[in-house]
Amino acid sequence: MILEVAILYVKPNLQGKFEADFALASEYIQAIDGYCSHTLRKCIEIDGQYILLGDWIDVESHEIGFRKSKGYLKWKELLHDYYEPFPTVNHYETVFENK
């Protein structure tokens, strides 16, 4: 399993609408083979900053399965105009975990 991490900066005064549209957009990511889960967290210290954490079976499930899907076009339509600057997305593998 890999973790997708994106730090999102949402334009001022759009956070409430972004959060509502994110909930709608979530149905498109959940339908992809290789998707496991995702979480959106809002930063307490920095207004308009969020972190998106997505669990995927592998990088290809995210980079190809999702980003090449029709669902991604809907995701993009709902969310991409909120970001300034556009986020960088990285993928991480677990090397240690203590639960």
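**View 1. The surroundings of S61 in helix α2.** Leaving aside the neighbours within four places in sequence, S61 is in contact with I32, D33, G34, W56 and F66, where contact means heavy atoms within 4.5 Å. This is a predicted model, in which local features need pLDDT of at least 70 and side-chain atom pairs count only at pLDDT 80 or more, while totals for chains, interfaces and linings use all residues. Residues are numbered from 1 along each chain as its sequence is written, and side-chain values use heavy atoms, with hydrogens and water left out. S61 itself is found in helix α2; helices (H or I, at least four residues) and strands (E, at least two) are DSSP runs, numbered from the N terminus. With a relative accessible area of 11%, S61 is buried (buried is under 20%, exposed over 50%, partly exposed in between, with a 1.4 Å probe and protein chains only). The side chain of S61 is also joined to the side chain of D58 by a polar contact of 2.7 Å (a pair of N or O atoms within 3.5 Å; within protein, one must be able to donate a hydrogen and the other to accept it, and residues adjacent in sequence count only if both atoms are side-chain atoms).

**View 2. Helix α1 and what covers its buried residues.** Helix α1 runs over residues 15-30, and because its 16 residues at 1.5 Å a residue should span 22 Å (1.5 Å times one less than the number of residues), the 22 Å between its end C-alpha atoms agrees with expectation. The helix bends by about 30° at L24, the bend being the angle between axes fitted to the seven residues ending there and the seven starting there. Buried along α1 are Q15, F18, D21, F22, A25, S26 and I29. The cover over these buried residues includes three strands, β1 (2-9), β2 (35-42) and β3 (49-56), together with the helices α2 (59-66) and α3 (70-79).

**View 3. The packing of α1 against α3.** The axes of α1 and α3 lie 9 Å apart, and the two helices pack at an angle of about 175° (axes are lines fitted to C-alpha atoms, for helices over the stretch in contact, and angles run from 0 to 180 degrees between N-to-C directions). The two helices are therefore roughly antiparallel to each other, since angles over 145 degrees count as roughly antiparallel, under 35 as roughly parallel, 65 to 115 as roughly perpendicular and the rest as oblique. On the α1 side, the residues that meet α3 are F18, D21, F22, L24, A25, S26, Y28 and I29, and their partners in α3 are G71, K74, W75, L78 and L79.

**View 4. Q15 in helix α1.** Q15 lies in helix α1 and, at 12% relative accessibility, counts as buried. Apart from neighbours within four places in sequence, the residues in contact with Q15 are V10, K42, D47, G48 and Y50.

**View 5. H38 in strand β2.** H38 is found in strand β2, and its relative accessibility of 17% makes it count as buried. Two polar contacts can be followed from the side chain of H38: one reaches the side chain of S26 at 2.9 Å, and another, of 2.7 Å, joins it to the side chain of Y35. If residues up to four places away in sequence are not counted, H38 touches F22, S26, I29, Q30, L52, L53 and G54. Of these, G54 is 16 residues from H38 in sequence, yet their C-alpha atoms are 4.1 Å apart in space.

**View 6. A6 and R41, one buried and one exposed strand residue.** A6 is found in strand β1 and is buried, with a relative accessible area of 1%, whereas R41, placed in strand β2, counts as exposed at 51%. Beyond its neighbours within four places in sequence, A6 is in contact with Y50, I51, L52, T88 and V89. A6 and P87 are 81 residues apart along the chain, but their C-alpha atoms are separated by 6.2 Å. R41 touches Q49, Y50, I51 and L53, again without counting residues up to four places away in sequence. From R41 to I2 there are 39 residues in sequence and 18 Å in space, C-alpha to C-alpha.

**View 7. Two backbone details in loops.** Most residues other than glycine have a negative phi, and most peptide bonds are trans. N13 has a positive phi of about 65° although it is not a glycine; this residue lies in the loop between β1 and α1 and is exposed, with a relative accessible area of 75%. The peptide bond from E84 to P85 is cis, with omega near 0°, and P85 has its place in the loop between α3 and β4 (89-93).
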